[in-house]
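Trainee: Before we discuss this chain, may I see its sequence and structure?
Mentor: Certainly; please examine them here, and then put your questions.

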Amino acid sequence: MKRPHSRHLAVPLGESVAVTPTPERRNHGIVERLEWPIADESGRPARPYRAVDTLAVMERRGSITAGMRQAGEYFRARFATAQLDPLRAPDWSRLRVGNASGFRVSDEPGLRIEAARDVDWRAILAVGGIGSPAGSCLWHVVGWERSLKEWALEQGWSGRRVSQEAASGILIAALGALEAHFGMA
């Protein structure tokens, strides 16, 4: 009888193995199971783990309202669509334009990307601009999904460090302004 390789689990067909997040992953923030099952890659029901983001934690604590969280998630979704994240792969969905030397990728982003950039830029302006504490916090914490602690210690505002309590207050104020800007109040 052939012995299974030590790196692979020998699991009989039809059974599943409970996989939990590693201690290293848990050190990077709250991880929890989804409340309801979703389909896995094979279409079977599964309840995977997911990271709990800053907005969800703040809403659970009662620091922000559901409308503020919704405004933040709307901003984050447009931010992703606008492709403003500093770490990204080439976008294969961009138009290819033919010319005499073959094909090249168009230099102009698509209309959907431009529209998302416009929505987010107007939102940043509504909270005081990118140089304001609220604008900087939205960009880094909600858009780039950095932790509030990281923003407070590394970025801060105009290069000055900000206490975590002040950073939390800045984010709450920014989300309130964002909620009013998007008309979600």
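**Met 68 and the nonpolar core**

Mentor: In this predicted model, Met 68 is part of helix H3, which covers residues 66-81.

Trainee: Is Met 68 buried or exposed?
Mentor: A residue counts as buried when its relative accessible area is under 20%. The relative accessibility of Met 68 is 9%, so Met 68 is classed as buried.

Trainee: Which residues does Met 68 touch, if those up to four places away in sequence are not counted?
Mentor: A contact requires heavy atoms within 4.5 Å. With residues up to four places away in sequence set aside, the partners of Met 68 are Ile 172, Leu 175, Gly 176 and Glu 179.

Trainee: Which helix gives the most to the largest nonpolar core?
Mentor: That core has 27 residues, and Leu 171, Leu 175 and Leu 178 are among those with the most contacts inside it. At least two of its residues come from each of helices H2 (54-61), H3, H4 (111-126), H5 (133-143), H6 (148-155) and H7 (164-182). The helix that gives the most, with 7 residues, is H7.

Trainee: Which residues does Cys 137 touch, again not counting those up to four places away in sequence?
Mentor: Cys 137 is one of the core residues with the most contacts inside the core. Beyond four places in sequence, Cys 137 touches Val 142, Leu 148, Trp 151, Ala 167, Ile 170 and Leu 171.

Trainee: What percentage of the chain's residues count as buried?
Mentor: The secondary structure of the chain consists of 7 helices and 6 strands. Of its 185 residues, the percentage that count as buried is 28%.

Notes: Residues are numbered from 1 along each chain as its sequence is written. This is a predicted model: local features need pLDDT of at least 70, side-chain atom pairs count only at pLDDT 80 or more; totals for chains, interfaces and linings use all residues. Side-chain values use heavy atoms; hydrogens and water are left out. Helices (H or I, at least four residues) and strands (E, at least two) are DSSP runs, numbered from the N terminus. Buried means under 20% relative accessible area, exposed over 50%, partly exposed in between (1.4 Å probe, protein chains only). A nonpolar core is a set of buried Ala, Val, Leu, Ile, Met, Phe, Trp, Tyr and Cys residues joined through side-chain atoms within 4.5 Å.
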